[in-house]
Amino acid sequence: MGVGALAGMAADRLGLRRSLLTGQIILALASLAGMAVTSPTGLLVLRALEGLGFLLAALPAPSLIRQLVRPSQLPLYLGWWSAYMGTGIALALLGGPLAMQWLGWQGWWGLLGLLSAVVVLWVLRRIPADAVRAAGMPGAPGDSGAPWWAPLRLTLGHSGPWQVALLFAMYSSQWLAVIGFLPAVYAQAGLGAAQAGALTALASWINVTGNIASGRLLQKGWCARHLLYTGFASMGLGAVLVFGTWTEGLPVLRYLAVLVFSAVGGLIPGVLFSLAVRVAPSERTVSTTVGWMQQCSSAGQFLGPPLIAWVAGSVGGWHWTWALTGTAACIGLLAARRVRFQAA
């Protein structure tokens, strides 16, 4: 949440491939080191380090995709890319308990570290070096004598990055709050941990369908603003059905509403990643723009769930959750009206 824009700027200046490799190496080393840690403090420190590695690995990806695919295919591939979070959460919820049952939590952590190491080898073999891709491209990293903070100033000086960042914050604050609290809601309803985990994993995974669909629809010429309207409206109405008192005693309807909330809401990240590479002020600020969007998204994830938990604790239940998520959905709908859908 605190360094997303700075990490994106570092990726732009360091080089996209080098940033991706550095991030995956940090992830691998921190995860493998976690196998030997025995204190909660040590685990949290390593998780913070992994957070930095995650940013360095994730933020350059949209800009890399922009350079490696044809312009006509860009929305499609960015839609696929936007599915990484829902896919990762679903795999962790499903695979984590099974792996820890056989390997223990240290083995699960080590397995993820080895996975990052495999990604490092794959990137080295398959993605061209920064110097090779940048040959003949204006604005390549390192070709300017501008101060180090110039990309950040340029990014924050344009309205486009602020608009997509606000939209992502409104999306993430709703999605993580609802998906993150599902296990607690199911536990209160009497479901076991295994059932709650499986239902939550499906709700997370189905978000991927919206991510992928957004890329296909944008490629076919659908209006980005209309897709954002559809996503935010579905999340707002879905949360009303999930948490409203009038659906008590209808668990199947509530779960179907969760699936609609996640699936149709998944249109939003795919659209916003496509917009981020278009509203970036220049080629050299794409990762900085995505970093600012990620930073505001993380702020939404950080603030939304505690606020909802506080309200639920104050009123003695989840029945007012829809009012908070609905407010975020309404802000998203209003903000979508003001977004410029062309380069700044």
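This passage describes helix packing, buried residues and a salt bridge in a predicted model.

Helix H3, which runs over residues 40-58, is a convenient place to start. Its 19 residues should span 27 Å at 1.5 Å a residue, and the end C-alpha atoms lie 26 Å apart, in agreement with that figure. The buried residues of H3 are Gly42, Leu46, Glu50, Gly53, Leu55, Leu56, Ala57 and Ala58. Cover for these residues comes from elements that include helix H1 (4-14), H2, H4, H5, H6 and helix H15 (286-315).

A charged residue appears in that buried set: Glu50 has a relative accessible area of 5%. Its side chain meets that of Arg47 in a salt bridge, with 2.5 Å from N to O. Side chains of opposite charge can pair when their charged atoms come close. Both partners belong to H3, and because they are three residues apart, about one helical turn separates them. Their surroundings can be told apart by accessibility, since Glu50 is buried at 5%, whereas Arg47 is partly exposed at 47%. The count for the model comes to one salt bridge.

Leu20 offers a view of H3 from another helix. This residue is found in helix H2, which covers residues 16-34, and its relative accessible area of 12% makes it buried. Leaving aside residues up to four places away in sequence, Leu20 touches Leu56, Ala57, Pro60, Leu64, Val123 and Ile127. Among these partners, Leu56 and Ala57 are themselves buried residues of H3. Leu20 can also be placed relative to Phe54: the two are 34 residues apart in sequence, and their C-alpha atoms are 9.0 Å apart in space.

Helix H5, comprising residues 74-81, is mostly covered, with six of its eight residues buried. These are Leu74, Pro75, Leu76, Leu78, Gly79 and Trp81. The elements that cover them include H3, helix H4 (61-68), helix H6 (84-126), H11 and H14. A contact with H11 can be followed through Ser214, which lies in that helix and counts as buried at 0% relative accessibility. Beyond residues up to four places away in sequence, Ser214 touches Gly79, Leu227, Leu267, Gly270 and Val271. Of these, Gly79 is one of the buried residues of H5.

Helix H13 brings the description to a later part of the chain. This helix consists of 15 residues, 251-265, and reaches 21 Å from its first C-alpha to its last, close to the 21 Å expected at 1.5 Å a residue. Its buried residues are Tyr255, Ala257, Val258, Leu259, Phe261, Ser262, Ala263 and Gly265. They are covered by elements including helix H9 (159-188), helix H10 (193-205), helix H11 (207-219), helix H12 (224-243) and helix H14 (267-279).

The packing of H9 on H13 can be described in further detail. The two helices pack at an angle of about 150 degrees, and their axes are 11 Å apart. H9 is therefore roughly antiparallel to H13. The crossing of H9 past H13 is left-handed. On the H9 side, the residues in contact are Tyr171, Gln174, Trp175, Val178, Ile179, Leu182 and Tyr186, and they meet Tyr255, Val258, Phe261, Ser262 and Gly265 of H13. These H13 residues are also listed among the buried residues of the helix.

Methods. Residues are numbered from 1 along each chain as its sequence is written. This is a predicted model: local features need pLDDT of at least 70, side-chain atom pairs count only at pLDDT 80 or more; totals for chains, interfaces and linings use all residues. Side-chain values use heavy atoms; hydrogens and water are left out. A salt bridge is a side-chain nitrogen of Lys or Arg within 4 Å of a carboxyl oxygen of Asp or Glu. Helices (H or I, at least four residues) and strands (E, at least two) are DSSP runs, numbered from the N terminus. Buried means under 20% relative accessible area, exposed over 50%, partly exposed in between (1.4 Å probe, protein chains only). The expected span of a helix is 1.5 Å times one less than its number of residues. Contact means heavy atoms within 4.5 Å. Axes are lines fitted to C-alpha atoms, for helices over the stretch in contact, and angles run from 0 to 180 degrees between N-to-C directions. Angles under 35 degrees count as roughly parallel, over 145 as roughly antiparallel, 65 to 115 as roughly perpendicular and the rest as oblique. A crossing is left-handed if the near helix is turned anticlockwise from the far one by less than a right angle, and right-handed if clockwise.
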